[in-house]
Amino acid sequence: MKYVIVGACIAAAGAVEGIRTVDPRGEIAVIDGEKRGSYTRPLISYFLAEPERFINIDYRSPAFFAKHNVRLLPARAERIDRQQKQLLLDNGEAIDYDRLLLATGARPWIPAIPGVEQDWVKSFYTIADAESINELVDADKEMVIIGSGLIGMKAAEASLKQGLRVSLVEKEETIMPRIMTAEAAFIMRKHLEDCGLNIITAEEVVAFLPEHMVKLRSGEHLRADIVIMAAGTRPQTELATACGLIVHKGIEVDAQFRTSDPDIFAAGDVIETLNLCSGQTELMALLPHAHREGLLAGANMAGEENHYQGGIPLNSVSLMGWHICSAGEAGKEADKILRWQNERQYLELIFEKGYLSKYIAINLPEISGPLTTMLEKKLMIPQSEWEELMSSGPSLSIIPATYWQEIRRLEGYGNTECC
Ligand SMILES: Cc1cc2nc3c(=O)[nH]c(=O)nc-3n(C[C@H](O)[C@H](O)[C@H](O)COP(=O)(O)OP(=O)(O)OC[C@H]3O[C@@H](n4cnc5c(N)ncnc54)[C@H](O)[C@@H]3O)c2cc1C
């Protein structure tokens, strides 16, 4: 059997592991468009802050590919010929496949703002991006970051650590709007401002002027030696679209990661999968999901029939020494919200139809595990138990007794009645 994987990062590494658990001998070729092997994309901000210390951010080393007898090809895939079952590369090579995996991930979305093409306006998504930013960096410089998602925030953290003066512009009213509620964002904003980050919300950039000025909609200007565009990402679906596979925002796959062509699979940031919280099939660009999807897709390419159950949105990140964990989804039907806070800790629990639907925990890493299980397994915990426990301040003791009963029940252990 000939397996070909396009992309060499997280989903691709998972797929190699998945294939090899089933098929120790089949030929595997991995097409590495970035020519950097499999590296841990979230660590590029650590590389940006401390390039000497984080010189190696391999996700899987060259030895991993050698051990699994994988041919790693530094090239970009340009076209899929579904009739011939061939992948055509930019170096002129054509590679035959029996099973193909698209693990092409995403790329930064760059809005068409006048002046965006200037060489001091950068994206921040690859090691090459971080290297090119580092060439411009020194401690006297001023930086403007567009977008306050996790990528923008991690870029801000790294640049503050390098001593730059950093401003961040967010078009929404509050920072990190996709993962934080307004209340949680307010607390994080205060912390980040205390650490030196200049945050401007409800404002948009309308032009990058040649004299290193960033023009805002309000008419104000910010000086910038370097700009980082962190306005969002888009899945790299071009190969799939061009060969006629079904693509929406991401590539459509079934629960076994097959695309609309049964010999072509897809996994990672490039696909749409089931979000267990919203019940919708959607983009879920997260590293642990990408690896798991790649692993299952790889095993299925080699003949297994693993069904993916879906995943939950879960972001766990540290920013300027503070830890944030945000998981789940708060729809419009939130029927109860419980909040607790002190000077440096915050917990928000959002309920829908009686179930916990989202939580945000700042500097409370120890309770994230059980809360995430409650979301994933949709455990029904009476709200009276929550209220009582929240009143004494969150800790592991906040986990309601019913949680443990429910876990016992799900794990199939005997009588679940509490004595
Ligand atoms: C700064 C930053 C911080 C992040 N932090 C977190 C975090 O804290 N937690 C988290 O869960 N996730 C985080 N992420 C997201 C995480 O990195 C992604 O979810 C993960 O990398 C997805 O893996 P993937 O294999 O699907 O795609 P990718 O890692 O994007 O890899 C896809 C690869 O395919 C290559 N490719 C595309 N097209 C072709 C082609 N035609 N030919 C050959 N190669 C091609 C691409 O160049 C790329 O190298 C972060 C991302 C960034 C940028």
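This report walks through a predicted model of a protein chain with a ligand.

## The overall picture

Let's start with the whole chain. It holds 11 helices and 28 strands. Its radius of gyration is 23 Å, close to the 22 Å that the globule rule gives for 419 residues, so the chain is as compact as a globular protein of that length. If you draw a box around the C-alpha atoms along the principal axes, you get roughly 70 × 65 × 35 Å.

How much of the chain is buried? Buried residues make up 39% of the 419 residues. As for how the chain folds back on itself, take the contacts with a separation of 6 or more: 63% of them are between residues 24 or more positions apart.

The domain assignment splits the chain into domain 1 (2-107 + 234-301), domain 2 (121-229) and domain 3 (321-410). Notice that domain 1 is written as two stretches, 2-107 and 234-301. Between the centres of domain 1 and domain 3, taken over C-alpha atoms, there are 34 Å.

## Around the ligand

Now look at the ligand. It is surrounded by 34 residues, and the closest are Gly-7, Cys-9, Gly-33, Gly-105 and Gly-268. Four elements give two or more residues to this shell: α1 (10-22), α2 (44-49), α5 (150-161) and α8 (287-301). Sorted by class, the shell has 22 nonpolar, 7 polar and 5 charged residues.

Where does the ligand sit relative to the domains? Domain 1 and domain 2 both give residues to the shell, so the ligand lies between them.

## Two helices to follow

Helix α5 is one of the elements that give residues to the ligand shell. It has 12 residues, which at 1.5 Å a residue should span 16 Å, and its end C-alpha atoms are indeed 16 Å apart. Of those 12 residues, 9 are buried, so α5 is largely enclosed by the rest of the structure. The buried ones are Ile-151, Gly-152, Met-153, Lys-154, Ala-155, Ala-156, Glu-157, Ala-158 and Ser-159. You'll spot Lys-154 and Glu-157 in that buried list. The cover over these residues includes α2, β12 (142-146), β13 (165-169), β18 (226-229) and β24 (314-319). After the helix comes Gly-163, with a positive phi near 90 degrees.

Helix α6 (residues 182-194) is next on the tour. It has 13 residues and reaches 18 Å from its first C-alpha to its last, close to the 18 Å expected at 1.5 Å a residue. Its buried residues are Ala-184, Ala-185, Ile-187, Met-188, Arg-189 and Leu-192. Among the elements covering them are β14 (198-200), β24, β25 (322-328), β26 (334-341), β27 (346-352) and β28 (355-362). So β24 turns up in the cover of α5 and again in the cover of α6. Just after α6, Gly-196 takes a positive phi of about 105 degrees.

## A few single residues

Is Lys-190, in helix α6, buried or exposed? Lys-190 is exposed, with 11 other C-beta atoms within 10 Å, where 12 or fewer counts as exposed. Measured out C-alpha to C-alpha in the model, Lys-190 and Ala-255 are 42 Å apart in space, and 65 residues apart in sequence.

His-248 is in the loop between α7 (238-242) and β20 (251-252). From His-248 to Glu-282 it is 34 residues in sequence and 9.3 Å in space, C-alpha to C-alpha.

Two other loop residues have a positive phi without being glycine. Lys-85, in the loop between β6 (77-81) and β7 (86-89), has a phi of about 55 degrees. Phe-257, in the loop between β20 and β21 (264-266), has a phi near 75 degrees.

Here is how these residues compare in their surroundings:

| Residue | Other C-beta atoms within 10 Å | Class |
|---|---|---|
| Lys-190 | 11 C-beta atoms | exposed |
| His-248 | 13 C-beta atoms | partly exposed |
| Lys-85 | 18 C-beta atoms | partly exposed |
| Phe-257 | 30 C-beta atoms | buried |

Why does Phe-257 count as buried? A residue is buried with 20 or more other C-beta atoms within 10 Å, and Phe-257 has 30.

Notes: Residues are numbered from 1 along each chain as its sequence is written. This is a predicted model: local features need pLDDT of at least 70, side-chain atom pairs count only at pLDDT 80 or more; totals for chains, interfaces and linings use all residues. A residue is near a molecule or strand if its C-beta atom, placed from the backbone, lies within 6 Å of it. Ala, Val, Leu, Ile, Met, Phe, Trp, Tyr, Cys and Pro count as nonpolar, Asp, Glu, Lys and Arg as charged, and the others, Gly among them, as polar. Domain bounds come from an automatic or database domain assignment. The expected span of a helix is 1.5 Å times one less than its number of residues. Two residues are in contact if their C-beta atoms, placed from the backbone, lie within 7 Å. The radius of gyration is taken over C-alpha atoms; the globule rule is 2.2 Å times the number of residues to the power 0.38.
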